[in-house]
Amino acid sequence: MTFILGVMSKHTVWLLADRRLSWENRPPRDDARKVMSIKTSDAVAILGYAGLGETAQGTEPSDWMSRVLRGRNWTLEQSLGAIAGSMQKELPRHLQGLNPEGFSAHHVIALAFVKNIPRLYSIDLELSPDRKKQFFRYTRHECNAPPTAPRPPRIVLAGSGGSYATRFRTLWKREILRLVNAHDEGKISARAVADHLALLNHEVHSIDPFTGPNCIVMWSYRKDGFYKGGGGHEFYIGMKRAQSPFIPSIVNGIDMQALGQEMLAQMRECGHVRPDKINALLAGLPHFPDEGLR
């Protein structure tokens with residue numbers, strides 16, 4: 001399993017994901033990227049997931065979800081709908097061997113600003129213990145009822161680490177919200193919040209063997225909020241910041257991870273990226289969706 005923590009505020013959304021991949025018959029690996037980002041015509045979103053860490057051929061779901069959305073310049077809900085439909089078609093055969101004695105599941109959460117309004121979505125797929133029944137849900141979450149304006153929950157948890165975190169929820173929830181609110185007001189840095197979330201991941205790791213010591217923290221800002229859009233991320237080895245590999249990212253249908261890798265290769269070759277080469281790099285990228293999970 002894994003540890004996914006999402007935090008939502010008026011101006012920012014935050015996502016923590018550990019990096020552990022676990023197997024029954026070999027040592028775990030701690031280099032997964034269980035996150036991706038999406039920018040659409042109407043929204044910005046950060047996605048994280050718990051369940052399938054990688055396929056038998058070594059494909060991580062974050063890379064696969066990126067390929068599903070490649071070339072699709074859609075709204076956020078249309079994009080999440082494409083991921084949901086592909087999960088129903090492609091995931092069941094890869095979930096067959098997970099948790100042989102019980103339910104096998106994969107959960108995706110998406111924290112977003114849709115037209116500058118905070119939104120929380122989840123996509124959930126479960127197989128029964130005998131693998132004959134499939135349970136599926138794609139929904140938006142709200143925690144209050146009319147006439148109060150709809151708003152999403154402030155905190156969301158997923159994965160085995162989430163169940164451990166709930167044991168000391170009262171000890172960490174208030175502090176996280178305090179730090180996030182302080183950042184929203186410009187009183188502390190994003191790194192200060194990210195460092196605290198990495199500390200929480202380390203605490204969960206100490207009691208949950210399926211949560212790894214390393215993690216990723218991502219955040220995104222509302223366009224009309226205090227920071228006027230943008231965002232960032234930090235990678236951690238334990239509680240120390242580490243070098244950041246590419247994170248799967250789709251911007252209006254363009255695969256930014258693939259573009260970044262091409263630009264990095266050109267910089268290594270000639271020391272810089274020539275402006276006249278950018279269009280050629282874009283033209284050379286795959287432009288069509290690929291829903292196959294291999």
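Which residue just after H1 takes a positive phi? That comes up in point 5.

1. A word on provenance: this is a predicted model, with local features needing pLDDT of at least 70, side-chain atom pairs counting only at pLDDT 80 or more, and totals for chains, interfaces and linings using all residues. Numbering runs from 1 along each chain as its sequence is written, and side-chain values use heavy atoms, with hydrogens and water left out.

2. The chain has 8 helices and 13 strands (DSSP runs: H or I of at least four residues for helices, E of at least two for strands, numbered from the N terminus). Its radius of gyration is 19 Å, close to the 19 Å from the globule rule for 294 residues, so the chain is as compact as a globular protein of that length. That radius is over C-alpha atoms, and the rule is 2.2 Å times the number of residues to the power 0.38.

3. On burial, 52% of the 294 residues count as buried, meaning under 20% relative accessible area (1.4 Å probe, protein chains only).

4. Take contacts (heavy atoms within 4.5 Å) between residues at least 6 apart in sequence: 62% of them join residues at least 24 apart.

5. Helix H1 covers residues 61–69, and 9 of its 9 residues are buried, so H1 is largely enclosed by the rest of the structure. Among the buried residues are Asp63, Trp64 and Arg67. As for the opening question, Gly71 is the residue just after H1, with a positive phi of about 80°.

6. The C-alpha atoms fill a box of roughly 55 × 50 × 45 Å along the principal axes.

Note on methods. Buried means under 20% relative accessible area, exposed over 50%, partly exposed in between (1.4 Å probe, protein chains only).
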